[in-house]
Structure formats: C-alpha cells, structure tokens
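Colleague: Thanks for sitting down with me over this one. Could we walk through the packing together?

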Amino acid sequence: MSYNHHSISIHFANAMLKGARINGLNEQQLLLESGLNTELLSNHEVRITPMQLSRLVQSILRHGDDDYLGLGSHPCRYGVFGLMARQVVHCTDLRQVFKQAVFFYNLLVPASHLSITEEGDSAIFTINLTDPAKDPDHALIDLLMTLWHRFPSWLIGQRIPLKQVRFAHSKPEHFEEYRLMFPCPAVFDQANNSIIFDRAIMDAPVVQTLQNLSSYLTRAPLDWFKRQSYYPVYTRKVMDYLENAESMVDTSMEDIASQLHTTTRTLRRKLDEEGTSFQDIKDGVRRDEAIHLLSQPNLPISKIARLLGFAEAAAFTRAFKHWTGISPSTYRKSKG
C-alpha cells in the first residue's frame with residue numbers, strides 16, 4: 001500500500017469563512033457543499049482533505065461573486081482569474097505570462113498590486129494587498145501566493161523551483177502549514193509578499209493550450225492545494241520512504257537508516273536536529289492517510305484501521321483521537 005495523501009489544517013477553512021460571514025453568505029450552505037460541519041470547525045486540531053478545502057473555496061467564490069473571498073479592499077469579480085488565464089495561455093514564455101498577468105490585474109483589480117522584477121540571477125514576483133487589515137488571518141494572501149506559484153508552473157509544464165517565499169505579516173500560528181504550501185524556506189516580517197525563483201526559468205516556454213485550460217479551471221483550486229512539501233533533508237527522506245512503503249507499519253527506523261546508508265543513531269540525531277522524530281513523521285503520514293480514507297463514506301472504520309496497520313479498531317480510534325482531538329466516527333459524522 002502506498003501512502004501519498006496529505007491533509008490541511010482546519011485553520012484555512014475557518015479563515016476563509018470569516019470573509020464569507022462578513023459578506024452575508026449562507027455559511028451552512030457553504031459547509032454542506034464542501035462536506036464540512038461546524039463541529040469540525042470548532043476543533044482547531046482537526047485537519048481536512050484538499051478536496052474539502054477546494055470545494056469550500058469554490059462555493060465561497062461562486063456565492064460571493066468575488067475571487068478575493070470577500071477579504072480584499074474591493075471585490076474581484078468571480079471569473080477574473082479565468083479571464084486572465086485565457087489571455088496568458090497564449091503567451092510564448094513565462095516572462096511574458098508574468099508581465100501580462102501583472103498588467104491585467106493592476107488594471108482591473110484595485111484590491112492588490114502585482115509586480116515582476118529580475119535582479120541578478122533571481123526573478124521576484126510580488127503581490128501586496130491594498131488593505132491587508134481586511135485579511136487578518138492571511139487567508140487571501142496565502143491563497144494568492146499559492147496560486148501565483150502553481151498556475152505559472154502548470155503553464156510551463158514543470159514546477160517552478162522556489163528559492164524563498166517572503167511574507168509581510170509576522171510568523172503565524174499555522175506556520176508549519178507553509179511547508180506543505182511552498183517548497184522552499186518561508187520568511188516573515190518582510191517589506192512585501194514575494195516569491196523568489198531562478199531567473200533562467202523565465203525563458204521556459206508555455207506548453208499548455210486553451211483546451212487544457214478549460215479542465216484546469218474546472219479543477220481549480222484543487223491542484224493548488226496539492227502538497228509541494230518543503231522539509232529539511234532527513235525529514236523529507238524519511239517521509240518519502242514511509243509514503244512509498246508497501247507496509248508502513250512494518251517499516252522501522254533501522255530499515256530507513258539502512259536505505260540511507262547511515263546508522264540508526266545518526267539518523268535519530270539528524271531528525272532531532274531538524275526538530276522532529278521518526279515516530280512523529282510516521283504518525284503524521286498515518287494521520288493524513290486516515291483522514292483521506294475517512295473521507296470515503298463506504299469504507300468501514302474497521303477496514304481503515306487494518307489498512308493502517310492497527311490490530312483492532314479501538315487502537316486506531318485511540319491514535320486518531322490523539323492526532324486530531326476527535327474520534328474517527330465523530331470526524332466522519334461531522335463531515336455530514
């Protein structure tokens with residue numbers, strides 16, 4: 001069995017729903033359409049699937065008629081992103097994509113200001129909100145920064161390697177989630193919100209077509225929430241090994257140390273230096289897979305327990321409650 005799913009903090013759902021409430025949207029309808037529930041929202045330890053968050057964003061965009069989730073100084077009419085995308089898909093290379101997108105948004109969207117600059121061997125894309133106070137939990141800027149990495153990457157058919165991502169706001173409580181969002185170090189309290197990448201990739205040709213774009217826009221923003229995963233070296237190596245293991249429960253630190261041509265003692269020390277442990281990583285992988293499996297309503301909890309290597313459902317229930325604060329049955333029931 002391969003374990004290649006991940007989960008997302010409930011923080012993002014709560015933060016996005018703030019704008020929806022302010023704009024008078026029907027919260028219960030939004031939750032129903034996204035497969036969420038107020039019981040899940042009230043537990044800050046809960047994690048949800050990328051599909052659930054994607055459906056929530058789609059509902060807020062559609063019902064609020066605002067690509068900026070009601071969190072900008074001015075609304076950005078629903079569909080503006082799609083209109084821009086249909087223009088830049090005809091660009092020849094990434095440089096032209098960014099230049100046209102910056103011009104388009106600065107002309108039509110007063111809630112933000114975009115820029116693209118090239119300095120030395122780096123390219124710097126910057127997006128600042130006109131009124132950051134309207135986005136107190138940084139849900140909008142998090143979404144936009146993710147979008148402006150994922151969409152250009154899709155256009156050129158390869159992930160743009162990031163050197164660094166910079167945020168104007170201070171280090172937030174959900175800082176650890178940035179490891180899932182951006183495959184690079186994140187720094188805070190900066191002058192601007194920027195993504196920095198190698199200038200050479202600006203010459204990469206656009207390989208997608210208008211026909212491909214239609215299906216991409218239908219899926220959006222799901223593709224934006226797929227894990228990019230920036231982790232320190234040994235944490236990433238252990239996680240990769242566990243996610244690809246046929247039987248994660250039977251995989252030991254000794255097995256991985258052997259594959260990495262090092263000793264168990266050295267591997268333990270490296271993980272400790274990176275602020276984690278083998279058991280923490282293993283629990284995280286199992287937790288995310290459990291959340292994914294629980295989102296499939298026809299899969300019995302007893303079978304999920306067996307798939308994750310638990311001898312009995314009760315042991316799985318105890319572990320899941322330790323990971324998330326609620327039981328598997330409560331989690332599944334709360335999804336409504």
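Colleague: Which residue follows helix 7, and what is its phi near?

Modeller: This is a predicted model, where local features need pLDDT of at least 70, side-chain atom pairs count only at pLDDT 80 or more, and totals for chains, interfaces and linings use all residues. Residues are numbered from 1 along each chain as its sequence is written, and side-chain values use heavy atoms, leaving out hydrogens and water. Helices are DSSP runs (H or I, at least four residues), numbered from the N terminus. After helix 7 comes Gly157, with a positive phi near 75°.

Colleague: Helpful! How many residues of helix 7 are buried?

Modeller: Buried means under 20% relative accessible area with a 1.4 Å probe, protein chains only. Helix 7 is mostly covered, and its buried residues number 18 of 18.

Colleague: Where does the largest nonpolar core lie?

Modeller: Such a core is a set of buried Ala, Val, Leu, Ile, Met, Phe, Trp, Tyr and Cys residues joined through side-chain atoms within 4.5 Å. This one has 96 residues, and its largest share, 12 residues, comes from helix 7 (residues 139–156). Since both domains, with bounds from an automatic or database domain assignment, give residues to this core, it lies between domain 1 (8–225) and domain 2 (233–334).

Colleague: Which helices do the buried residues of helix 5 pack against?

Modeller: Helix 5 (residues 80–88) has Phe81, Met84, Ala85 and Val88 among its buried residues. Phe151 is in contact (heavy atoms within 4.5 Å) with those four, among others. The packing partners of helix 5 are helix 6 (94–108), helix 7 and helix 9 (210–219).

Methods. Buried < 20%, exposed > 50% of the residue type's maximum accessible area, 1.4 Å probe, protein only. Helix = DSSP H or I, 4+ residues; strand = E, 2+ residues; numbered from the N terminus. Lists of a residue's contacts leave out its neighbours within four places in sequence.
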